[in-house]
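The following report describes how neighbouring helices pack in one model, and then turns to two loop residues.

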Amino acid sequence: MSSDGDDNSLDLAKKSLENHLKEYEMRKGTSKFAFNFGLAQSLNSIGADYYYLKDYEKSLDQYSKAYVMLKRLHKGDHPDLAQCLNNIGNCCIKEVESVN
């Protein structure tokens, strides 16, 4: 891939993050509840954006917030919780790899 393609991908990832952050603020501002599935979905999307941008610390933070929220919303085990744990694990692996 050319550097122009890399730059374009990076620009798109930054735009995605910008839009997901706006989405989160809109959902937060219009929700009656501090914890809901829409907010958890937004946090997960923001985590994915940071992951793509290789900011694993911020990604881990967002995935962890989504997990805490989903844990309060779901009673017992649920595929959403499993996916969050998978995302958190992937971030931990990437942080270790970036240190070594």
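Helix H2 and helix H3 (residues 56-73) pack at an angle of about 160°, with their axes 8 Å apart; the axes are lines fitted to C-alpha atoms, for helices over the stretch in contact, and angles run from 0 to 180 degrees between N-to-C directions. Helices here are DSSP runs of H or I with at least four residues, numbered from the N terminus. The model is predicted, so that local features need pLDDT of at least 70 and side-chain atom pairs count only at pLDDT 80 or more, while totals for chains, interfaces and linings use all residues. Residues are numbered from 1 along each chain as its sequence is written, and side-chain values use heavy atoms, with hydrogens and water left out.

H2 and H3 are therefore roughly antiparallel to each other, a term for angles over 145 degrees. Their crossing is left-handed, which is to say that the near helix is turned anticlockwise from the far one by less than a right angle. Among the residues making the contact (heavy atoms within 4.5 Å) are Phe 37, Leu 43 and Tyr 51 of H2 and Tyr 56, Met 69 and Leu 73 of H3.

H3 also packs with helix H4 (residues 79-99), their axes coming within 9 Å and crossing at roughly 160°. That makes H3 roughly antiparallel to H4, and the crossing of H3 and H4 is left-handed. The contact includes Tyr 56, Leu 60 and Tyr 67 of H3 together with Cys 84, Ile 88 and Cys 91 of H4.

The table gives both contacts by class, where Ala, Val, Leu, Ile, Met, Phe, Trp, Tyr, Cys and Pro count as nonpolar, Asp, Glu, Lys and Arg as charged, and the others, Gly among them, as polar.

| Contact | Nonpolar | Polar | Charged |
|---|---|---|---|
| H2 with H3 | 14 residues | 4 residues | 2 residues |
| H3 with H4 | 12 residues | 3 residues | 5 residues |

Two loop residues complete the description. Lys 54 lies in the loop between H2 and H3, and its phi is near 65°, a positive value in a residue other than glycine. With a relative accessible area of 62%, Lys 54 is exposed (over 50%, with a 1.4 Å probe and protein chains only).

Ser 31 is placed in the loop between helix H1 (3-30) and helix H2 (37-52), and at 24% relative accessibility Ser 31 counts as partly exposed, that is, between the 20% under which a residue is buried and the 50% over which a residue is exposed. The side chains of Ser 31 and Asn 36 are joined by a polar contact of 2.6 Å.

Note on methods:
A polar contact is a pair of N or O atoms within 3.5 Å; within protein, one must be able to donate a hydrogen and the other to accept it, and residues adjacent in sequence count only if both atoms are side-chain atoms. Angles under 35 degrees count as roughly parallel, over 145 as roughly antiparallel, 65 to 115 as roughly perpendicular and the rest as oblique.
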